[in-house]
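I open this notebook to record what I looked up in the structure, entry by entry. The order follows my own path through the coordinates, starting with charged pairs.

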Amino acid sequence: MKERYARSNDTELWPEHREAYETFCACATQWRVIAGMGGAIHQGIDYTALESVMRMRGIEDQASRLDQIQHIESGALGVINKR
């Protein structure tokens with residue numbers, strides 16, 4: 001059984017995903033947003049900013065982290081843009 005990092009009672013985060021989660025959270029203000037008469041639509045994280053965050057954090061395998069972060073981003077977009 002894998003060791004897990006518990007965030008709260010209903011959320012679990014495995015240690016191998018912690019770095020991706022923390023990097024995703026560090027990009028919380030780096031979303032591409034289109035605002036119009038119908039409201040705001042989040043398109044996704046600005047990957048240029050994400051790359052800078054990964055570089056500043058010294059993440060070596062950026063390609064693997066990007067894959068993980070894109071999974072998190074996909075789920076977040078479904079929630080953020082839900083109307």
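**Entry 1. Salt bridges.** I worked on a predicted model. I searched it for salt bridges and obtained 3. I then took them one by one.

I looked up Arg18 and found it paired with Glu22, with 2.9 Å between the closest N and O atoms. Both residues belong to helix H1 and stand 4 residues apart, about one turn of the helix. I checked the accessibility of each partner. Arg18 is partly exposed at a relative accessible area of 34%, and Glu22 is partly exposed at 33%.

The next pair I noted is Arg65 with Glu19, whose side chains meet in a salt bridge at 2.5 Å, N to O. Arg65 sits in helix H3 and Glu19 in helix H1, so this pair ties together parts that are 46 residues apart in sequence. Glu19 is partly exposed, with a relative accessible area of 33%.

The remaining pair I recorded is Asp46 with Arg32, a salt bridge of 3.4 Å, N to O. Asp46 lies in the loop between strand E4 (39–45) and H2, while Arg32 lies in strand E3 (residues 31–36), so the pair ties together parts that are 14 residues apart in sequence. Arg32 is partly exposed, at 44% relative accessibility.

I add one general remark: side chains of opposite charge can pair when their charged atoms come close.

**Entry 2. Arg65 in its surroundings.** Is Arg65 buried or exposed? I found 17% relative accessibility; Arg65 counts as buried because the cut-off for buried is under 20%. I then listed its contacts, leaving aside neighbours within four places in sequence: Glu19, Ala20, Met54 and Ile59. Glu19 in this list is the salt-bridge partner noted above. Ala20, Met54 and Ile59 I met again in the largest nonpolar core.

**Entry 3. Overall fold.** I counted 3 helices and 4 strands in the protein chain. Read from the N terminus, the elements run β-β-α-β-β-α-α. The chain has 83 residues, and 24% of them are buried. The chain exposes about 6100 Å², of which carbon and sulfur atoms supply 51%. I also looked at contacts between residues at least 6 apart in sequence, and 47% of these join residues at least 24 apart.

**Entry 4. Strands E3 and E4.** How do E3 and E4 run relative to each other? I found them antiparallel, joined by 6 bridges. A hairpin connects E3 to E4 through 2 residues. I looked up two bridge partners in E4: Ile41 for Ile34, and Gly44 for Arg32. Arg32 thus appears in two of my entries, since I had already recorded its salt bridge with Asp46.

**Entry 5. Nonpolar core.** Which residues make up the largest nonpolar core? I listed 12: Ala20, Phe24, Cys27, Trp31, Ile45, Leu50, Val53, Met54, Ile59, Ile69, Ala76 and Leu77. The elements giving two or more residues to this core are helix H1 (15–26), helix H2 (47–56) and helix H3 (62–80). In general terms, nonpolar side chains tend to be buried together in soluble globular proteins.

I picked Ile45 from the core for a closer look. Apart from neighbours within four places in sequence, Ile45 is in contact with Phe24, Cys27, Gln30, Trp31, Leu50, Ile69 and Glu73. Among these contacts, Phe24, Cys27, Trp31, Leu50 and Ile69 are listed in the core.

**Entry 6. Cysteines.** How many disulfides are there? The count comes to 0. For Cys25, the nearest cysteine sulfur is that of Cys27, 9.3 Å away, and Cys25 is in no disulfide. Cys27 likewise is in no disulfide, its nearest cysteine sulfur being that of Cys25 at 9.3 Å. A disulfide would require the two sulfur atoms to be within 2.5 Å.

I compared the accessibility of the two residues. Cys25 is partly exposed at 37% relative accessibility, whereas Cys27 is buried, with a relative accessible area of 1%. Cys27 also figures in the largest nonpolar core and among the contacts of Ile45.

Methods. Residues are numbered from 1 along each chain as its sequence is written. This is a predicted model: local features need pLDDT of at least 70, side-chain atom pairs count only at pLDDT 80 or more; totals for chains, interfaces and linings use all residues. Side-chain values use heavy atoms; hydrogens and water are left out. Buried means under 20% relative accessible area, exposed over 50%, partly exposed in between (1.4 Å probe, protein chains only). Contact means heavy atoms within 4.5 Å. Accessible areas come from the Shrake-Rupley method with a 1.4 Å probe; for residues, only the protein chains shown count as cover. A nonpolar core is a set of buried Ala, Val, Leu, Ile, Met, Phe, Trp, Tyr and Cys residues joined through side-chain atoms within 4.5 Å. A salt bridge is a side-chain nitrogen of Lys or Arg within 4 Å of a carboxyl oxygen of Asp or Glu. Two strands pair if DSSP finds at least two bridges between them.
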